[in-house]
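This report looks at the internal spaces of one protein model, at a pair of packed helices and at a single loop residue. The sequence and the structure come first, and the description follows.

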Amino acid sequence: MPKTNLFSDFPKISAKEWKQKIQFDLKGADYNESLVWESQEGIKVKPFYHEEDLESNLNVMLPPKKGWKIGQHIYVADAVQANKKTLTFIEKGAESLCFIIPAENMNLSLLLKNIPLEKIIIHFELLFLSSDYVKSIVEFFKNLETDFFLNVDLIGNLARNGNWFFNRDQDHNIFNTIISLKSNSAFYIDASLYQNAGANIVQQLAYALALGNEYLNNLQTNVKSKSRGVIFTFKVSIGSNYFFEIAKLRALRILWKTLAGEYKISADCHIMAIPTKRNKTLYDYNTNLIRTTTESMAAVLGGADTIFNLPYDTLYHKDNEFGSRISLNQLLLLKEESYFKEMNTAANGAYFIESITSQLAEKALQLFKTIENGGGFLEQLKNHTIQRKIKESAQKEQDLFDNNKLILVGTNKFQDQNVKMKNELELYPFVKTKIRKTIIEPIIEKRLSEAIEKQRLADE
């Protein structure tokens, strides 16, 4: 049967004609005041988008990918116990593992025993800095037909904790040794910190790009290795602004392609996505299931390579089998039963998303240039410019929440006063304050609902 254009009999309508029709239906109300709203990033969102909106935009179409992996974080306090958990997660559907390793004495052979390494993507997130331990990982994988990602973010550690692992020179020397051992996939940027601390999307993108530039400068200056095969890993937190979060991941790939081209390295990058903690709540905690599901959906449509989920009770319960199983099942349902298996390019061509992607990328690129003109990310971190800008953005969002213009169901609207949580707390769910000496002001993650929750706990 020959293909026919079902719309050939309909006249083409311009954006101007659509706007005139809307203006007529508003019966005198102002179009911009009634229907156009401005995001925290300064982007004006219109009530409709037209193909004309793409004429001046960047080429944001992403290439087809092979789909995404279901990820699982595993904190390795004990190698044998972590191995048992890991095998259970693999049996239940995990396709990528991120081992969070707190100390150098962790036995790799016990940790990775019986794991089908040829089928599973492995990330090692080290909470310490040691070239010797990295060398032992490289040796372990040397004769295996598989590879691994090494997640060490030097400057990210400084931003989060306020101190280097040792000191600037020693940290960079160790890191350069690590790169010489594992040059292809040892570069990692934890951009989730900035989102969870309250940075807006433009800031998150610009900071991730500026951090990448810091590492690439170091690579070209100090490390004698083949840099063309370098793959950067970005860890990104996904918030609740659904379409903007889709656009955020797409914009990140575009920006990275631009920067990588300047250094003549691989334009590919690996994006690890995880739901944000910033909008998660202690009370009415089951709504966290809805939040993490939609945030994971946005990550899929944005083109993430690996998606990790947060258990609905992660704020107040220790790691437990039920919470972990439910969080893994959410991703399985999305992938296997909701037809999201290979949907990471489904947003290509959507006028609204393409337009937002382009605007986010352009604004982030401008901010990136401002950061570089100010001495680079590390310099602006040291003079507290980054911290100040994040605080300003976080306060704007907090004001929206406090004034009920940003709603978290069950917390600042539709509260169930009969719910009691004081006896459920296994973990402290608020920002922990610990006085210690730091060389810079650390960037602190903070949830929007903390003040309300503290008051409710006190009133129980």
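In the residue classes used here, Ala, Val, Leu, Ile, Met, Phe, Trp, Tyr, Cys and Pro count as nonpolar, Asp, Glu, Lys and Arg count as charged, and the others, Gly among them, count as polar. The model is predicted. With these classes, the lining of the second largest pocket divides into 7 nonpolar, 12 polar and 6 charged residues.

That second largest pocket has a volume of about 520 Å³, and of the 25 residues that line it, Q40, S240, N241, E397 and L406 are the closest to its centre. Two or more lining residues come from each of strand 1 (37–38), helix 9 and helix 15 (385–402), and helix 15 gives the most, with 3 residues.

The structure also holds 1 cavity of 30 Å³ or more, and the largest cavity has a volume of about 50 Å³. Its lining is formed by A191, Q204, L205, A208, V236, K248, L249 and L252, with helix 9 (201–222) and helix 10 (242–263) each supplying at least two of the lining residues.

The class make-up of the two linings, and of one helix contact described below, is set out here.

| Site | Nonpolar | Polar | Charged |
|---|---|---|---|
| Lining of the largest cavity | 6 residues | 1 residue | 1 residue |
| Lining of the second largest pocket | 7 residues | 12 residues | 6 residues |
| Contact of helix 10 with helix 13 | 16 residues | 1 residue | 3 residues |

Helix 10, which supplies residues to the lining of the largest cavity, also packs against helix 13 (residues 351–373), and the axes of these two helices come within 8 Å and cross at roughly 50°. Angles that are neither under 35 degrees, nor over 145, nor from 65 to 115 count as oblique, and helix 10 and helix 13 are therefore oblique to each other. Their crossing is right-handed. On the side of helix 10, the residues that meet helix 13 are F243, F244, I246, A247, K248, R250, A251, I254, L255 and L259, and their partners in helix 13 are F352, I353, E354, I356, T357, L360, A361, A364, L365 and F368. K248 thus takes part in this contact and is also one of the residues that line the largest cavity.

Elsewhere in the model, P311 is found in the loop between strand 10 (306–307) and helix 12 (321–337). Leaving aside residues up to four places away in sequence, P311 touches G323 and S327. P311 and I22 are 289 residues apart in sequence, and the distance between their C-alpha atoms is 43 Å.

Conventions
Residues are numbered from 1 along each chain as its sequence is written. This is a predicted model: local features need pLDDT of at least 70, side-chain atom pairs count only at pLDDT 80 or more; totals for chains, interfaces and linings use all residues. Side-chain values use heavy atoms; hydrogens and water are left out. On a 1 Å grid over the protein atoms alone, a cavity is a set of points where a 1.4 Å probe fits but cannot get out, and a pocket is an open set with protein on both sides within 12 Å along at least five of seven lines; lining residues have an atom within 4 Å of a point. Grid points are joined across faces, edges and corners, and a volume is the space filled by probe spheres set on the points. Helices (H or I, at least four residues) and strands (E, at least two) are DSSP runs, numbered from the N terminus. Contact means heavy atoms within 4.5 Å. Axes are lines fitted to C-alpha atoms, for helices over the stretch in contact, and angles run from 0 to 180 degrees between N-to-C directions. A crossing is left-handed if the near helix is turned anticlockwise from the far one by less than a right angle, and right-handed if clockwise.
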